[in-house]
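Please look over the sequence and the structure shown here before reading on. The paragraphs that follow lead through the chains one after the other and then turn to the place where they meet.

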Amino acid sequence: MSTNMAENQQINPIIGASVPRIEGPEKATGRAVYTDDITRPGMLHAALLGSHYPHARILSIDTSRAKALPGVKAVLTGADLPLNYIGMFIKDQLPLARDKVCYSGEPVAAVAAVDLATARQALRLIEMEYEELEPVTDVEEALEPDAPVIHEKRDEYPTMYELPEEPNAICFTEFMEGDPNTAWDKCDAIVEDEYLVPAQYHMYMEPSSTVAEVDGSGKVTLWSSTQGVARSQMYTALALGLPMSKVRVIAPRIGGGFGGKCEFTNQPITALLAQATGRPVKLTFSREDDMTMMKRRHGGKIYMKTGAKKDGTLVARDCRIILDGGAYADESPEVSPVAAFFSQGPYRIPNMRVEAWSVYTNLSRASAFRGFGNPQATFASESQLDDLADQLGMDPLELRLNNALEQDDKFFCGKTIEKATMRACLEKVRDASGWAAKRSGGRPAAPGKKRGIGMAGMSHISGLAGAGANVLLNEDGSVTLNCGAVDIGQGSDTIFTQIVAGALALDMDQVNFAAPDTDSSPYQFQTSASRNTYTIGRAVKKASDDVRDQIYRHAGEILECDTNDLELRQGGVVGVKGVPDAALPFIAIAGRALWQEGGPIMGTHNWLYTPQDRMDPKRMLLRGFALMPDGIGIFTFGAQVAEVEVDEVTGQVEVLEYWAAHDVGKAINKTSVEGQIEGGIVQMLGYALTEEMLWDNGRMINPTMMDYKIPGMADAPYKIHSLLIEEAEESAPFGAKGVGEICAVGPAPAIANAIKNAVGARVAQIPATPERVLTAMQSADDAD
Amino acid sequence: MTDKQAVTLSINGDPYEVLAAPRQTLLQVLREQLSLTGTKCACNNGVCGSCTVLADGLPMRACLMLAVAATDREITTIEGLEADGELHPVQQAIIDHQGLQCGFCTPGMVIAAKALLDSNPNPTLNEIREELSGNLCRCTGYVKIADAVLSLAGAERGQN
């Protein structure tokens with residue numbers, strides 16, 4: 001009997017159980033240690049000076065008064081640092097600006113002092129002289145031939161891809177399938193619009209923070225609020241000019257990330273300060289510093305045109321996406337290609353052309369953020385589908401059902417769909433929400449308000465990059481899992497513990513989850529791309545299976561039986577099938593391995609997510625993409641419905657109830673999956689209705705929680721119905737796929753479509769503030 | 001810093017004497033001088049509620065309260081909620097309902113929920129949503145936090 005068959009017949013009940021978080025008690029009691037909670041002997045405190053101007057040459061920096069302030073131990077400027085550019089696909093950034101600044105808030109100097117008040121006082125004593133340059137703050141202006149050039153040295157930076165000619169362009173991507181030029185003649189209905197999406201701030205509750213110290217050998221150790229210890233290690237080593245063997249990164253508890261703590265935040269500069277002073281240094285950002293100095297979601301403009309036949313069959317789409325990458329590229333060279341890739345949505349559109357740009361502007365740098373370009377593209381495409389349905393006189397859900405990708409279809413660019421569940425998602429959300437009745441004006445609204453219901457379909461991925469896991473059988477028969485994965489709050493520590501417990505029939509408290517530490521953990525890319533459960537979980541599962549197989553070999557020798565006759569029994573016992581008395585506790589196996597025969601038992605698995613097929617160059621035009629989306633992951637699908645109430649006088653929108661159907665493969669922990677979906681929806685309810693970073697001529701004007709409004713408990717619907725579709729994915733651990741990002745892809749268009757259903761007006765710019773809703777209502781009235 | 005003064009605080013029933021500058025907040029003293037790091041700083045301007053503590057039983061933002069102004073109050077922080085090794089019911093409910101993810105807002109949320117239940121042992125869902133709307137959470141979407149508090153509503157009167 002093969003192992004797979006055995007697993008299919010009998011999955012341990014811990015898989016699928018809504019067990020509480022393993023770190024719940026430490027978080028609920030305040031004992032959880034986050035980076036800012038760490039104190040080291042002799043530790044200094046650091047603060048950064050941010051540029052006053054969005055675009056300027058640095059003429060001079062005088063730090064003499066700051067250095068003379070008692071208690072100040074180091075003042076660094078760009079000129080003090082090695083000229084080591086860092087970045088993911090294009091190395092365009094230094095830890096401190098040198099020569100010129102490219103955004104308001106860009107760090108230009110760093111101080112370490114005996115306490116934070118002294119460090120901040122020293123910042124005020126630094127005298128800067130700038131020559132102001134004209135800032136570029138609009139994505140289309142950035143591409144104008146006479147636009148000020150933000151990176152004069154762009155073409156000298158090391159890059160992993162081909163740069164476009166336009167000097168302010170970070171990257172250009174074009175995908176084409178079918179014949180979009182002539183297909184428009186076959187369309188009975190065509191809609192065309194321009195959509196505007198905002199820069200959204202991650203607003204992880206824990207501001208970015210790092211503690212760095214250097215030991216006597218010059219090795220640097222960091223404790224940092226990061227989404228990946230290996231990424232922080234790599235960038236810090238690069239910035240310092242050290243081999244990675246001289247940098248160690250440890251992740252304590254992380255207070256949220258959402259993409260903002262991918263790649264690097266303030267690790268390199270903190271390490272440089274620790275090197276400069278020879279003492280431990282802590283750098284924790286104030287909220288304002290985090291909002292002005294750190295990262296955000298790409299805002300931008302999307303032009304889209306879609307055509308269909310009378311019966312609702314989609315025929316053609318043309319799309320142009322221009323994303324605001326901000327002052328430095330970070331992950332932009334992949335964000336806009338991913339936006340392009342998902343601009344088709346989970347539907348058959350035989351003729352399609354999309355181009356996507358990321359451009360430099362003099363605004364803060366854009367980065368990964370939950371959904372990675374997909375929410376922007378999907379806001380446009382799902383808004384447009386509703387307008388197309390209206391023009392055709394069709395129900396928008398029927399339109400989507402008519403065109404939903406099926407198992408034999410290829411995804412955009414010729415990619416194979418592992419499991420086509422789009423139709424199931426649409427049907428499930430339709431039935432659960434009572435779509436038909438509500439759509440036809442089912443329930444009365446409160447006085448002065450109008451009620452509406454809207455939906456969005458979505459696809460995303462789960463996967464990406466290299467993952468390793470080690471499972472060590474301890475001497476007493478318990479196990480220690482070390483996979484280097486950072487739980488940024490989404491619950492992966494618990495999920496992995498369940499996977500080990502499920503694979504080895506152990507109780508949860510017999511599994512120790514080791515903290516991520518580059519000195520001991522196997523390689524782990526980072527917590528991103530909805531990859532933890534699927535990609536890391538698979539390594540964890542296979543490492544656990546490796547331990548099981550080693551246990552079986554020992555047990556077979558001791559019990560003198562074929563290993564195929566063995567089984568695991570709950571709590572750490574191996575026994576002979578059908579013979580209750582023939583059993584050995586893991587402690588006996590561990591003892592034999594350690595002291596008599598074979599050596600320590602450690603299961604290991606390392607793998608790289610590799611797509612089963614590449615984008616098909618024969619069937620389409622492909623230009624200008626780096627790694628992804630070709631190898632980005634397996635597909636996931638979802639459909640969401642929002643019910644809203646719009647105040648006709650104020651334009652205020654309230655989301656009353658929400659339904660979300662998602663294909664998760666298998667929910668390892670159902671409550672945790674619901675938590676991801678609920679959290680993703682409410683975060684993007686903010687994107688849809690209130691959240692927008694605002695700059696006045698390049699200076700951010702709302703860098704506080706007071707002026708940048710995220711949803712509070714009273715703003716969020718209590719009734720969020722998570723509808724899980726569980727069709728096991730063969731390549732996944734116990735069939736489970738990631739859901740962390742896809743749930744965040746649909747809310748903005750679902751809510752915008754519900755607003756249209758309520759008041760008959762299309763809001764093509766988010767956030768749909770009361771003013772924008774009223775303006776759209778006025779325009780709709782004028783059109784009538 | 002200059003002109004620090006001796007301040008006597010009563011925190012979780014224990015007396016502490018610290019030297020604090022007049023402009024130093026209770027949050028700074030708790031975290032930096034007393035190593036009571038369970039109380040979190042996420043905005044430092046009184047918006048997010050992560051630093052919520054109880055002052056004489058009432059929820060207060062420790063980032064908005066000067067340490068010198070806390071002298072005559074009995075301060076309760078997240079570290080003071082457990083009694084005889086038992087978690088406070090709010091802590092247990094938050095764990096059981098997975099009303100936490102990254103956990104950074106959790107201490108403030110737990111304190112705010114305790115204050116709500118102390119003053120209104122049987123809150124409705126809408127009362128919970130209103131009363132806790134000053135405690136921001138970026139991870140959970142609030143549903144499971146509300147569930148956790150709802151599970152305790154009326155518990156003392158046996159109306160659960």
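Helices, as the word is used here, are DSSP runs of H or I with at least four residues, and strands are runs of E with at least two, both numbered from the N terminus. In those terms Q98(B), a residue taken up again further on, is found in the loop between α2 (89-96) and α3 (106-119) of chain B. The model is a predicted one, and this should be kept in mind throughout.

Chain A can be approached through its domains. The domain assignment divides this chain into domain 1 (3-32 + 465-608), domain 2 (35-133 + 208-284) and domain 3 (300-463 + 614-783). Taken over C-alpha atoms, the centres of domain 1 and domain 3 of chain A are separated by 37 Å. In the contact between these two domains, 25 residues come from domain 1 of chain A and 27 residues from domain 3 of chain A. On the side of domain 1 of chain A that touches domain 3, at least two residues are supplied by each of α14 (492-504) and α15 (532-559) of chain A, and it is α15(A) that gives the most, with eight residues. Sorted by class, the residues on this side of domain 1 of chain A are nine nonpolar, 13 polar and three charged.

A further view of the model comes from its largest nonpolar core. This core has 302 residues, and the members that touch the most others are V111(A), V500(A), I751(A) and I755(A). What is I751(A) in contact with, once its neighbours within four places in sequence are left aside? The contacts of I751(A) are then G454(A), A642(A), V644(A), V655(A), L685(A), A688(A) and L689(A). Further along chain A, the peptide bond from I766(A) to P767(A) is cis, with omega near 0°, and P767(A) lies in the loop between α18 (747-759) and α19 (770-783) of chain A.

Chain A also has an open sheet of seven strands, in the order β3-β5-β1-β12-β9-β10-β11 and with mixed pairing. At its edges are β3 (72-77) and β11 (247-250) of chain A, each of which pairs on one side only, and neighbouring strands of the sheet are turned by 20° against each other on average, with direction ignored. Within this sheet, strand β9 (residues 209-214) and strand β12 (residues 281-284) of chain A run antiparallel and are joined by four bridges; V211(A) stands opposite K282(A) in β12(A). Helices lie across parts of the sheet as well. Helix α4 (residues 116-124) of chain A lies across β1 (44-50), β3 and β5 (107-113) of chain A, and runs at about 25° to β1(A), while helix α6 (residues 229-240) of chain A lies across β10 (220-224) and β11 of chain A, at about 145° to β11(A).

Chain B has an open sheet too, with five strands in the order β2-β1-β5-β3-β4 and mixed pairing. Because β2 (14-20) and β4 of chain B stand at the edges with a single partner strand each, one side of each is left without a neighbour in the sheet. The twist from one strand to the next averages 40°. Strand β1 (residues 5-11) and strand β5 (residues 74-76) of chain B pair in the parallel sense over two bridges, and I11(B) has I75(B) as its bridge partner in β5(B). Helix α3(B) lies across β3 and β4 of chain B, running at about 40° to β3(B).

Two loop residues of chain B deserve a separate look. D56(B), in the loop between β3 (52-55) and β4 (58-61) of chain B, has a positive phi of about 50° although it is not a glycine. Q98(B), the loop residue named at the start, likewise is not a glycine and has a positive phi, near 55°. Is each of these residues buried or exposed? D56(B) has 10 C-beta neighbours inside 10 Å and therefore counts as exposed, whereas Q98(B), with 25 other C-beta atoms within 10 Å, is buried.

The last step is the meeting of the chains, a contact that takes 42 residues from chain B and 46 residues from chain A. On the side of chain B that touches chain A, α2, α3, α4 (125-131) and α5 (143-152) of chain B each supply at least two residues, and the largest share, four residues, comes from α2(B). By class, this side of chain B has 22 nonpolar, 13 polar and seven charged residues.

Notes. Residues numbered from 1 in each chain as written. Chains lettered and ligands numbered in written order. Predicted model: local features only at pLDDT ≥ 70, side-chain atom pairs only at ≥ 80, totals over all residues. Core = buried A, V, L, I, M, F, W, Y, C linked by C-beta atoms within 7 Å. Buried ≥ 20, exposed ≤ 12 C-beta atoms within 10 Å, placed from the backbone. Contact = placed C-beta atoms within 7 Å. Domains from an automatic or database assignment. Nonpolar A, V, L, I, M, F, W, Y, C, P; charged D, E, K, R; others polar. Pairing = 2+ DSSP bridges. Axes fitted to C-alpha atoms, helices over the stretch in contact; angles between N-to-C directions.
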